Amino acid sequence: MIRRSAAVLVALSACAGPQAPSPEAYGPPPPGWAPHPPEPPPPVTEVTPIAYADAGAPATTPPFVFPDKEPLPIAELVLKPGEPMPKKPLPAPKRIGRGGVVMPGIPSPDRVAIATDKKGSLVDARTGKVLAALPAEPQYVSPRAGVVTLEGKPPRLVRLYDAKVVTPNVDARGRTIRATWLAAAPGHAKALALAETTTGEMLAGVASEDLESFTLDVAPFGPNMVGFSATLNAIDWQLSASVKRFGERTGTPFTLPHEPECVRAKIDDDGAIRCIEHLPVLSLGEDIRWMEDGWLSGGTMLTHVSWGARKILLADQWCSSRGQRTSPPRVVVTCHKNPTAMLWAPGKLFTFPGPADSNDVGGLVGADSGPVLPIREGGTRNDDSASRTVARWIDMPRTRILTTPHLRPMAIASFAGVESLTLAEDKAKSPSVYLLDFEKGTRELVVKINDCPGTIGELRQDRVRGRQRLLILACMTPETKHTIGQDLIWAEIIDTERRVRFRTPLMPEIFFPDGLVVLSTRRRMAAESKTAPGELFSVELPP
C-alpha cells in the first residue's frame, strides 16, 4: 500500500448537489492553486486501492502523488544578549466607573461597554464620561460593525457612531415571529438578527446601514432541525442547526457528494443565505475548518471551493489536522502511532519527527489554532500542564521548527497554539521569563521572578488575536486540584517595543492601540466575554 505517512493524494469525483452556492461567492480562486494534474505515480513497493477516495471516482483510479516531501527546516530561536527589562512605576490610574467590562474595547475614540446590575453604560475610557446609559446589560461588542447588542427583550442595540440606543425594526416578510435575538462579533462587519417563527421556520438577516432595521430571510434548515444559532468565531457569519440538540457538529461541504438536508449556512453582508454544509454529519475527527478565500479542511482533507469535489488527501483516516484560518493555508498533520508528523504549505509537504503521543502537538482540531504550535515533552497528557515543557515550536507561517531550551509556555490555553510574540518560563533559572519572538527568530530575557508566592502566567485579552505590543505577566494564587480559577496577586504590563515593565496590583483588562490601558480591582481570573464587576480605572502608558 501507499505508506500512510508517505504520500499526499489528490482524489477526483463528480461535483456536488443542487443546493451548492457558486464558488464566486467566496471570491475568485487563488491563481495557480488548482491541484496538480494527474500524473503516473512513481514506483512504490506497496500499492492498494484507496477506499476513502471521493465517491464517483473509478475504483481502479490509482493514487496521484503530489511533489516529494521535504524535511521541515529547523533553526534555533536565538538568545539576544542583554539585561532584563527594567521595571518602571505605572502612572497614576484614573477611575472611570464600576462594573464588568464587555470585550473587546472600542478604539478611536477609546470606549468601553460596562455591565452593572442588569444595566450598563458606554463610557469614554480616557475620561470616564458616560456616553450612553443602557437599559440592559451589553452582550456583544463589535467595533467593526459599529454596534453593542443588549441582553433581554425586545432586541436592542447601541449604535456607536452617535451612542444612541436603538430598538430596530425586524421585518420577517409577513411571518409571525415567536422569538428574536441579535448577535455581533469583532470580526464581522454586520450585526445579525436571528428568529424562529410560530410555524418553526428559522430566519436570519443582517442589519441595515443605519442599524435601524433587519430584514429576515428563511435559513435553509428543515423542520426537523433544532439548535438554530450563529457561530460567533467563524471566518464568515455562519448559521447552524442540527438533527439532535447536542451542540454544533460539522457536515459535508457543499463541494462534495452530500444529502439535500442543510446543517450549516453562510450569510453574506448583503443578506444572501447559502448552504455550505449538508448531511451527513461528520465525526469529530473530521470537523470542517472554513478558512479565508474559500479554503477548507477537515480531518486530513484540504480543498478549495473552486475545485468542485476534488480534494487533497494529506494522509489516511487515522490522522488529524490542525491549522489557522489564514490564506494560503498551512496545516499540521499528526497520525496515530506514526512517528512522522507533517506540515502542508502551499505546494509542499514537509515532515518532521513527531512526539510519541500525537496529542502532544499543540493546536485545535477543527478550529482556529494559534500560528505557533508547541510540542510538549515530559510526563503524559494527564500530567499537570505546568510540569511539561517545550523545546520545539512549529512556526506555521514561516514553515519551520524553532528550538529552545526546555521552556514552559505561559499563555493561558497554550495547548491551542501561541501567538508569534509570547512569554515562556525557564523554571531552572530563578525562574526566568523570556519573550519569544517567532517572527524575528529571537528570545530575550524579560525578568527573573523571585517575589511571586504562587504561579506565574501570561494573560491575554479575550477576543483579541494576533501579535500585541503589550503583554501581561501575572502572578496568581496557586492552582487547586479539581477546581478552575485563580486570583491575581500582581500583574506586570510588558511593553515589548520600549522594553520596560510596569507593575500594578490591578487587573489589566483592555489595551488600546494608542497605549491607553483599562484596569480593574477584580481578582478572579475569567474566561468569559464579560468580566466580573470591580472598580475600573484607565492609565496612559508613557510614549
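1. Pro154 falls in the loop between strand S11 (147-150) and strand S12 (156-159); strands here are DSSP E runs of at least two residues, helices are H or I runs of at least four, and both are numbered from the N terminus. The peptide bond leading into Pro154 from Lys153 is cis, with omega near -5°. Ser108 and Pro109 are also joined by a cis bond, at an omega of about -5°, and Pro109 belongs to the loop between strand S6 (94-106) and strand S7 (111-116). For background, most peptide bonds are trans, and most residues other than glycine have a negative phi.

2. Before going on, the ground rules. This is a predicted model, with pLDDT of at least 70 required for local features and 80 or more for side-chain atom pairs, while totals for chains, interfaces and linings use all residues. Residues are numbered from 1 along each chain as its sequence is written, and side-chain values use heavy atoms, leaving out hydrogens and water.

3. Overall picture: the chain has zero helices and 45 strands. Of its 543 residues, 52% are buried (under 20% relative accessible area; exposed is over 50%, partly exposed is in between, with a 1.4 Å probe and protein chains only). About 24,000 Å² is exposed, 54% of it from carbon and sulfur atoms; the areas are Shrake-Rupley values with a 1.4 Å probe, and for residues only the protein chains shown count as cover. Among contacts (heavy atoms within 4.5 Å) with a separation of 6 or more, 53% link residues 24 or more positions apart.

4. Two positive phi values deserve a look. Thr399, in the loop between strand S34 (389-395) and S35, has phi near 50° and is buried, at 14% relative accessible area. Ala413 has phi near 60° and lies in the loop between S35 and strand S36 (421-426). Ala413 is partly exposed, at 37%.

5. Strand S35 (residues 400-409) contains Pro405, which is partly exposed at 36% relative accessible area. Setting aside residues up to four places away in sequence, Pro405 touches Val390, Ala391 and Arg443. Its C-alpha atom is 8.1 Å from that of Asp426, 21 residues away along the chain.

6. Arg443 turns up again in a charge-over-ring arrangement: its charged end sits over the ring of Tyr434, 5.7 Å from the centre. The test is NZ of Lys or CZ of Arg within 6 Å of the ring centre and within 35 degrees of the ring normal. Arg503 lies over the face of Trp490 at 3.6 Å from the ring centre.

7. One open sheet has five strands in the order S20-S21-S23-S24-S22, with antiparallel pairing (strands pair if DSSP finds at least two bridges between them). Its edges are strand S20 (226-231) and strand S22 (252-253), each pairing on one side only. Inside the sheet, S21 (residues 238-242) and S23 (residues 262-267) share three bridges, and Gln238 stands opposite Lys266.

8. What aromatic pairs does a search of the whole structure find? There are four, where ring centres of Phe, Tyr or Trp (its six-membered ring) must lie within 6.5 Å, and planes under 30 degrees apart count as stacked, over 60 as edge-to-face and the rest as tilted. Trp181 and Phe228 have centres 6.1 Å apart and planes at 70°, so they are edge-to-face. Trp181 is in strand S15 (residues 177-183) and Phe228 in S20, so the pair ties together parts 47 residues apart in sequence. Trp181 is partly exposed at 31%, whereas Phe228 is buried at 7%. Phe254 and Trp290 are stacked, with centres 6.5 Å apart and planes at 10°.

9. Phe228 also belongs to the largest nonpolar core, which has 37 residues; Leu192, Phe214, Phe221, Phe228 and Leu239 touch the most other members. Such a core is a set of buried Ala, Val, Leu, Ile, Met, Phe, Trp, Tyr and Cys residues joined through side-chain atoms within 4.5 Å. Another core lies apart from it, with 19 residues, among them Ala474, Met476, Ile493 and Val500.

10. Finally, four of the five residues of strand S39 (residues 455-459) are buried. S39 runs antiparallel to strand S40 (residues 470-476), joined by five bridges, with Glu458 opposite Leu473.
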